[in-house]
Amino acid sequence: MARQAIDIVVPDLSGKRALVTGASDGMGLGMAARLAAAGAEVVMPVRNQRKGENAIAAIRRVTSNAQVSLRSLDLSSLESVAALGEALRAEGRPIHFLINNAGVMQPPDRQTTADGFELQFGTNHLGHFALVAHLLPLLRAGRARVTSQVSIAARSGAVNWEDLNWERGYDGMRAYRQSKIAFGLFGLELDRRSKAEGWGITSNLSHPGVAPTSLLAARPELGRSTDTPQVRMIRWLSAHGILLGTVETAKLPALMAATDPAAKRGTLHGPKGAGGLGGPPAEQRLFPPLRSIEAAARIWEVSEQLTKTEIPSGRVT
């Protein structure tokens, strides 16, 4: 049975600057390509230069005049995050859209970042937290919309406050849920603080549902030499149009949350099909673990301490 076409309209973004993390393949590449096709200048911070160059070539095969450029970024290194922030601040150009899309999922064994944090918590959440902190002047200048990509996994689970780095009993899936819950809480707190302090930034969340991305595929750098059984099943279900989305549809909630003028601040966008697994994008109810204002304030303060990166208060005049 033919799958029904699903898409959204991305408005004209000429004269706007966008930054997408995790844009060298998969959903992130699709987001960068759509933003560039809409006229935005797209900055693509990548860890693998060759993959980044291939991604730019793919974008330009579709949009020959695309304004796309690479920067170096390893979200698992706070030094790398700071270096990107310094370089972009030196350029002095406002950022109008930031899509925090990059992430890692379920390494088979506990791994740590360059700074000693559990890899998923350190990459998915703390790296992006520090990135926003370093880019804050440019985000303010662009009155940016910041969209942070969480996961359907964040609809359950909790932050392991007593052992954020999972040093006592590592559970890969629970640690992944924590990283995405923490990240979602941060994205919502960013919007609250921006509104209270007059930063001019609007922040919201998205999740892609379930689609055959590279998150659970073979990732030798994570200690996973072969595709997981889960991703093989996801590919089969997606290919047969059963419940799940595709890589092409999975990028749409983030694009809608980031670019749709009607998308509200402090909201979550995801697929509206059965169970939120696939289908057209739409605003959804916040997952229960994301609803606590107290937890959001706490993760903000803890993240500042862990990253040694302060996001200062104070209204913009």
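# Salt bridges and buried sites in a predicted chain

Arg17 is buried, with a relative accessible area of 4%, where buried stands for under 20%, exposed for over 50% and partly exposed for anything in between, judged with a 1.4 Å probe and protein chains only. The model is a predicted one, in which local features need a pLDDT of at least 70 and side-chain atom pairs count only at pLDDT 80 or more, whereas totals for chains, interfaces and linings use all residues. Residues are numbered from 1 along each chain as its sequence is written, and side-chain values use heavy atoms, with hydrogens and water left out.

## The chain as a whole

The chain has 317 residues, of which 56% count as buried. It contains nine helices and eight strands; these are DSSP runs numbered from the N terminus, with helices (H or I) of at least four residues and strands (E) of at least two. Contacts, meaning heavy atoms within 4.5 Å, often reach far along the sequence: among those between residues at least 6 apart, 74% join residues at least 24 apart. The chain exposes about 13,600 Å², and carbon and sulfur atoms supply 51% of that area, as computed by the Shrake-Rupley method with a 1.4 Å probe, where for residues only the protein chains shown count as cover.

## Salt bridges

A salt bridge is counted where a side-chain nitrogen of Lys or Arg lies within 4 Å of a carboxyl oxygen of Asp or Glu, and by this rule the count comes to nine. One of them joins Arg34 to Asp7, whose closest N and O atoms are 2.8 Å apart. This pair links distant parts of the chain, since Arg34 belongs to helix H1 (residues 26-37) and Asp7 to the segment before strand S1 (17-20), 27 residues apart.

Arg17, the residue named at the start, meets Glu91 in a salt bridge with an N to O distance of 2.7 Å. Here strand S1, which holds Arg17, is linked with helix H3 (residues 78-91), which holds Glu91, and the two residues are 74 apart in sequence.

A further salt bridge connects Arg93 with Glu41, again described by its closest N and O atoms, which are 2.7 Å apart. Because Arg93 lies in the loop between H3 and strand S4 (97-100) while Glu41 lies in strand S2 (residues 41-46), this pair ties together parts that are 52 residues apart in sequence. Arg17, Glu41, Arg71, Glu91 and Arg93 are linked in a network of salt bridges.

The partners of Arg17 and Arg34, and the Arg93 pair, are listed here by accessibility.

| Residue | Relative accessible area | Class |
|---|---|---|
| Asp7 | 51% | exposed |
| Glu91 | 35% | partly exposed |
| Arg93 | 39% | partly exposed |
| Glu41 | 10% | buried |

## Two buried residues

Ala154 is found in the loop between strand S5 (145-149) and helix H5 (172-197), and at 0% relative accessibility it counts as buried. Leaving aside residues up to four places away in sequence, Ala154 touches Lys180, Ile181, Phe287 and Pro289. The C-alpha atoms of Ala154 and Arg177 are separated by 5.3 Å, although these residues are 23 apart along the chain.

Thr307 lies in helix H9 (residues 293-307) and is likewise buried, with a relative accessible area of 7%. A polar atom of the Thr307 side chain lies 2.7 Å from the backbone oxygen of Ser303. Not counting residues up to four places away in sequence, Thr307 touches Leu78, Leu126 and Phe129.

How values were computed. Polar contact = N/O pair within 3.5 Å; in protein donor to acceptor, adjacent residues only side chain to side chain.
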